Structures are given as structure tokens and as C-alpha cells.
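The exercises below are meant to be worked through with the model open beside you. Try each task on your own before you read its solution.

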Amino acid sequence: MPALTVSALLTAGAAHAQTVRPLAEGLPAGALLTLETHGAAPAFKRFFGVADRLLSSTDLGEDGGSMLGVAQAVLGDSLGREGIAGVFSVQGRKGAFEPALLAVTRSGPLTDELLGELLPEKPGARVGRYTFSRVDGMFAGASNGLVYVSSDKALLMAYLGRLSGKAAPTLASSAPYAAAQRAAGTQELGVYANFSAAAKVIRSQLAQVMLPRLLSPVVDALDTLGQFAGGLTTTAGGWTTASAQVVNQAGKDRPLARILLDTTDFGVQNVIPASAEAVQAAACHPDTGAYLGRWLTRVDLLEPFGFLTDSQLASHLEQAGRYLGHECVQVTLAGGLKAGLNQEDPLASLATSVSYQRVTDRAAADAHLPEYARSVNEALDGLRGTVKSLAKSGMDALMDDAMADVDPRALMLGAGMAGASQGLDESLKGLKMVYAFRGEYLITAFSQEALDAALEGGPVLADDAAFRAAGLSMQGSAGWSYQPNPADLTAQDLAGMLPRELSGDRALSGMFAGAMTGAADLINRFDGTTSQRSVSGNVIIGKASVRYRW
């Protein structure tokens with residue numbers, strides 16, 4: 001398809017999307033989940049451009065580029081205009097609620113032409129001005145510039161009835177959907193989730209199998225999450241995201257609601273090294289430790305290695321909540337990005353990872369932390385022994401079978417397991433919980449190297465010009481993140497992600513060379529990101545900006 005034709009379709013689709021009523025105004029109320037597009041043709045154009053550039057670095061460039069062009073044209077003519085796929089709750093057998101799919105998209109000439117070959121010439125049913133047929137177990141149709149498909153006939157008919165003028169509640173006018181979407185705003189690519197409605201469906205299903213009490217804490221937590229809406233919109237310089245979570249304060253999990261809506265004044269930027277490669281900061285309510293401890297207690301017996309029991313982690317988290325709170329920050333120090341690419345040592349990134357938490361009672365921290373660290377480290381040692389024992393049992397059984405059947409593949413697998421077990425044991429051997437204080441903050445790491453790097457003197461993040469230019473609010477904030485423009489990666493850096501067998505084989509590594517070069521180019525176009533979360537009443541608002549050179 002000529003580039004001019006594709007561009008014209010995308011432009012027409014974007015313009016058309018601005019002049020019609022949103023699809024949500026016709027959909028039934030009660031969606032559990034929706035995936036939505038609104039004038040997304042520019043986003044598709046940019047994403048397909050990225051994919052085309054990656055394919056061009058491989059042997060698939062010419063053929064793959066042609067296929068991408070067709071796919072871009074089709075999507076631009078349909079979802080590029082507007083589309084929505086939703087999971088709705090419908091009444092099933094015995095009165096229980098069940099999930100059902102309903103998806104709708106606007107269509108242009110290209111989409112209509114393609115669908116003409118897929119849908120039956122004679123429709124099977126009609127609702128007002130709209131027709132549909134049964135197609136491979138689904139119900140689908142195309143009428144009046146819309147394409148629609150559903151797994152439930154009654155749900156589809158309810159939708160088509162609304163389009164034909166029947167008065168009935170719609171998704172757009174439902175309070176949960178409207179509140180979340182109004183706070184988040186319209187995005188090119190969006191998602192909506194009604195956790196409270198999903199909890200209702202789950203309760204209905206659990207009642208059929210007589211398990212409502214056993215899993216009620218999970219359902220209560222889900223109900224308290226309320227509703228979430230968010231998405232992203234591409235720009236010439238990258239993309240932005242916006243989200244809103246409407247917390248259900250009437251939910252039964254009151255501690256969770258308090259934790260979600262917590263805010264604080266951040267000061268941790270005054271102790272984090274300016275060279276940090278990534279920072280994730282969150283306001284953490286003092287009840288967070290006790291809350292997590294209760295959940296760990298519920299799953300303690302299900303954990304196969306005994307780490308939770310041996311470390312008494314739940315108890316220690318509850319005790320830590322008495323002297324920690326308000327600021328919880330995870331930091332990747334300098335060198336962390338490349339360390340995470342080391343296939344030979346999957347835990348290498350721990351040497352550049354530390355956490356910061358504000359201390360509210362230093363005397364209580366000094367009294368508790370030595371026992372906390374000792375307990376965790378002893379449990380880690382016990383975990384090494386457990387892993388060794390399990391690996392040995394598995395290898396012994398495999399080798400016995402291999403010797404009995406004289407199976408060389410099993411012998412090779414057993415040798416591979418032995419090597420992997422040894423590598424994992426070496427990685428676990430280096431794990432040790434260590435900690436120190438800097439100002440009002442507790443710094444925790446599982447590598448002495450990481451802790452030493454965090455304690456080194458030097459410029460701090462608060463004094464960094466790029467960080468100050470980001471304009472993040474540190475007062476009354478629910479959280480924020482900051483990642484400066486990272487150092488460029490090379491194809492050789494990415495090759496470290498490959499297993500040793502591949503990276504050591506010249507023929508195979510040659511096959512991956514082009515792909516690694518293309519992948520490095522895509523990654524190096526990322527120039528950093530910032531995000532901010534705030535709270536207004538029972539609504540958590542999130543905003544983020546990602547800098548990317550398309």
C-alpha cells in the first residue's frame with residue numbers, strides 16, 4: 001500500500017474520531033475491564049516505525065516491513081479511529097455473575113473490505129439498524145461504520161439496542177467509570193478496571209464452591225482498590241501517561257485504604273547520590289509493615305522453601321513499622337543498568353540496589369535491626385541448603401534414569417542442572433542483608449558493595465541540575481520517580497543477556513549481531529523519565545513523562 005494512502009487513512013481516522021460520540025456512550029454499564037483507543041493512529045504510526053527500524057537491522061527487514069505497513073493501515077483504519085474491548089459481568093447459570101467479552105471498533109473503507117470476506121453474506125439477526133451473525137462460537141457483525149463482536153448474545157443485543165435508541169444505563173454514564181475516566185482524562189491507548197465490580201463477581205463464583213470465607217481477605221482487598229483508569233498518549237518527544245485510582249473507602253480492608261491514600265513531605269533526595277540511575281519513591285504509611293506481615297502470615301504455609309518461617313519476616317516487618325514510615329524509596333545506583341544484563345550472575349544487580357526508609361525512632365531501630373538482619377541472613381543460609389538438597393535429589397533421580405536407559409540427552413540435562421545449581425548457590429552465597437544510617441534514613445541492601453556506594457560522600461540528588469529541572473513536587477506527595485538519561489548501551493552489552501552457549505558460538509552470535517545492534521539503538525533512544533503521584537480525597541492521580549526519540 002503506498003505511503004500516501006496509509007497516511008491519508010490515518011489522518012482521516014484521527015479526524016473522524018474527533019467528531020463522533022465516544023463508543024462508551026453506547027456500551028452497557030457494568031464493565032469489569034476495558035482496553036480503549038481514542039484517535040490512536042499517531043501512536044500506531046510511531047510504534048510501527050520503531051518495529052520497522054528493528055526489523056531493518058535483521059534479515060527480515062524487507063518482508064517484515066511490508067507486513068508492518070499493511071498492519072499499520074488496517075489498525076489505523078479501525079482502532080486508530082476508536083475502539084473498545086470490555087469484559088462485562090452477565091448473569092449466568094444459577095444466578096451467578098460470569099464474565100463476557102464485548103469489543104467494538106469504528107471502521108473505514110479498508111476495514112469494511114477485509115470484513116466482507118470474513119462475515120456471512122446474509123446476517124443471522126437484526127436489532128434495529130444493526131445486524132449480526134454467529135461466527136465460530138462468537139457473535140459478530142458490521143453495520144453503520146461499526147464492527148462489533150461478543151461472546152454473549154444477550155450482551156451484544158443489549159449494546160445494539162442502546163445504539164438503536166433504547167433507553168438503558170450506559171458505561172459512560174455509570175458513576176464508577178465516569179469518576180475514574182474524568183480524573184485520568186482521555187488517552188490514545190487506555191485501560192479501565194473496576195476492581196470493586198470484579199470482587200462482586202468473584203464473591204458470586206466463590207459462593208458456588210463454598211469458599212467465600214477462606215478467600216474473603218483477598219476479595220475484600222480487591223474491593224477496596226476501587227476503580228482505575230489510565231493510559232498513554234504519544235508525542236513528538238516520547239509519550240505521557242496519566243492515571244486515576246478511585247479508592248473504595250467503603251471497602252472492608254480499611255488498612256489498605258489508609259496505605260493507598262498516604263502522602264508525605266519527602267526529604268530523601270537530600271541523601272541519595274546524584275549519580276543514581278533510577279529512583280522510585282512512595283509515601284508509605286507506618287501501618288504498611290504490619291499489613292504486609294499479616295499477608296505473609298496467610299501464605300506462610302504455602303511457601304515451599306521455609307524462608308518466611310525461618311526469617312520470621314512477618315514479625316520483623318510489624319516491629320519495623322514502629323520506627324519506620326512515611327518514605328520508602330528504591331534506588332538503582334550507578335552501573336545498575338548494565339549489571340542487570342549479566343546473564344552469568346542473575347543477582348549482580350543487587351550490588352547496585354539499595355532502599356531508603358525514614359526513621360522515626362532511632363533508639364527503637366538500633367534495638368531491633370541487629371536481630372532482624374541476623375534472622376534474615378540465617379534464613380538465607382538455610383535457603384541455600386534447601387536449594388542444594390532439592391537440586392541434588394532431582395539430579396540423582398535424573399542421572400539414575402539416564403544411566404538405566406543410556407540416554408545421553410538426560411545425561412547432558414543432568415550436567416546442565418548441576419552447573420545451574422552451582423551457579424545459584426554461588427549467587428545466594430553472596431546475599432546478605434546489611435544496613436546503615438545516613439541522617440534520618442535507614443539504608444538497606446543485600447550487598448556490602450551497594451551499601452558502601454550509597455554511603456560514599458559526594459553530590460546528592462537534590463543538588464543535581466537535571467533533577468531540579470524536572471520540577472517534581474516533594475511536598476504532600478504520594479510518590480514520585482526519576483530516571484535521568486542513561487548511558488548508551490552497545491550490542492556487546494546486550495550480548496551479555498545471552499546464555500553462555502549462544503554467546504560463545506560464533507555462528508549463533510553472528511545471527512544475533514544485527515538484532516542486538518538494532519535493540520541497542522532502540523534502547524539508546526530513551527532519554528529518561530519522571531513521574532508524580534498525588535492524592536485528592538479518595539483519588540490517586542498519577543502523571544508521567546517519558547522522553548524518547550522516535
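**Exercise 1.** Which residue in strand 5 does Arg-126 stand opposite?

*Solution.* Keep in mind throughout that this is a predicted model. Begin by finding the two strands, which are strand 4 (residues 125-127) and strand 5 (residues 130-135), and notice that they run antiparallel and are joined by three bridges. Next, look across from Arg-126, and you will find that Thr-131 in strand 5 stands opposite Arg-126. Finally, follow the chain from one strand to the other: strand 4 and strand 5 form a hairpin with two residues between them, and Gly-128 in the turn has a positive phi of about 60 degrees.

**Exercise 2.** Describe how strand 5 pairs with strand 6, and find the residue with a positive phi in their hairpin.

*Solution.* First, locate strand 6 at residues 138-143, which runs antiparallel to strand 5 and is joined to strand 5 by three bridges. Then take Arg-134 as a marker, since Phe-139 in strand 6 stands opposite Arg-134. The last step is the turn, where two residues lie between the strands and Asp-136 takes a positive phi near 50 degrees.

**Exercise 3.** How many bridges pair strand 14 with strand 15?

*Solution.* Locate strand 14 at residues 434-438 and strand 15 at residues 441-445, and you will find that they pair in the antiparallel sense over five bridges. Within this pairing, Tyr-435 stands opposite Thr-444 in strand 15. The hairpin has two residues between its strands, and Gly-439 takes a positive phi near 65 degrees.

**Exercise 4.** Is Asp-253 buried or exposed?

*Solution.* Start with the position of Asp-253, which lies in the loop between strand 10 (238-246) and helix 9 (254-260). The relative accessible area of Asp-253 is 9%, and because buried means under 20%, Asp-253 counts as buried. Now search for its partners: leaving aside residues up to four places away in sequence, Asp-253 touches Asp-220, Ala-221, Thr-224 and Tyr-291. As a last step, compare sequence with space, for Asp-253 and Pro-217 are 36 residues apart along the chain, while their C-alpha atoms are separated by 7.8 Å.

**Exercise 5.** Which helix gives the most to the largest nonpolar core?

*Solution.* Begin with the core itself, which has 30 residues, and in which Leu-27, Leu-102 and Val-104 are among those with the most contacts. Several elements each supply at least two residues, including strand 2 (82-91), strand 3 (97-106) and helix 5 (153-163). Helix 5 gives the most, with four residues. A second, separate core has 27 residues, including Ala-276 and Phe-467.

Key
Residues are numbered from 1 along each chain as its sequence is written. This is a predicted model: local features need pLDDT of at least 70, side-chain atom pairs count only at pLDDT 80 or more; totals for chains, interfaces and linings use all residues. Side-chain values use heavy atoms; hydrogens and water are left out. Buried means under 20% relative accessible area, exposed over 50%, partly exposed in between (1.4 Å probe, protein chains only). Contact means heavy atoms within 4.5 Å. Two strands pair if DSSP finds at least two bridges between them. A nonpolar core is a set of buried Ala, Val, Leu, Ile, Met, Phe, Trp, Tyr and Cys residues joined through side-chain atoms within 4.5 Å.
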